[in-house]
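Reader: Please show me how to read a sheet and a helix from a model. Keep it brisk.

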Amino acid sequence: MVLYNFVKITNNKDPFDFTIECTSMKNGRARVSCLRANLFAWEDNGGVGKWRPVWDYFFKDFSHYVCEKRDCANLAEAREYRQMVYERYRAKLETNNNTLAENDLKTT
């Protein structure tokens, strides 16, 4: 079993705009640093190679933190769990947003 860190990267101006990255690195901040270094290398090479959608967050006002840690047997299992974490956070945001909307209706 390998311990995976699940890192949530969020656009600070839109809480619904986020992604979850999984890594077996001991430090989740190191994963974000590697992603940024890959983006800079991609730019230095004239944009040759595969564009990664996670790089979009580095052009925004973003924040990141390790939201969960879990032992997984392999990368495929970690990716499945990453999707579950994403869906859980998405549902939590939608529930909170609906509650806020209901409270706004009550006060008007």
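Author: The sheet comes up ahead of the helix here. The model is predicted: local features need pLDDT of at least 70, side-chain atom pairs count only at pLDDT 80 or more, and totals for chains, interfaces and linings use all residues. Residues are numbered from 1 along each chain as its sequence is written, and side-chain values use heavy atoms, without hydrogens and water.

Reader: In what order do the strands form the open sheet?

Author: Strands of a sheet pair through backbone hydrogen bonds, either parallel or antiparallel. Here 3 strands (DSSP E runs of at least two residues, numbered from the N terminus) form an open sheet in the order S2-S1-S3, with antiparallel pairing (at least two DSSP bridges between two strands). S2 (14–23) and S3 (62–72) are the edges; each has a single partner strand, so one side of each lacks a neighbour in the sheet.

Reader: How many bridges join S1 to S3?

Author: 10 bridges link S1 (residues 2–11) to S3. Leucine 3 is opposite aspartate 71 in S3.

Reader: Which residues of H1 are buried?

Author: Buried means under 20% relative accessible area, exposed over 50%, partly exposed in between (1.4 Å probe, protein chains only). In helix H1 (a DSSP H or I run of at least four residues), Gly28, Arg31, Val32, Leu35, Leu39 and Trp42 are buried. Seen down the axis, they fall within an arc of 100° (directions from the helix axis to the C-beta atoms), so they line one face of H1. The face turned away carries exposed Arg29 and Asp44.

Reader: What covers the buried residues of H1?

Author: The cover includes S1, S2 and S3, with contact meaning heavy atoms within 4.5 Å.
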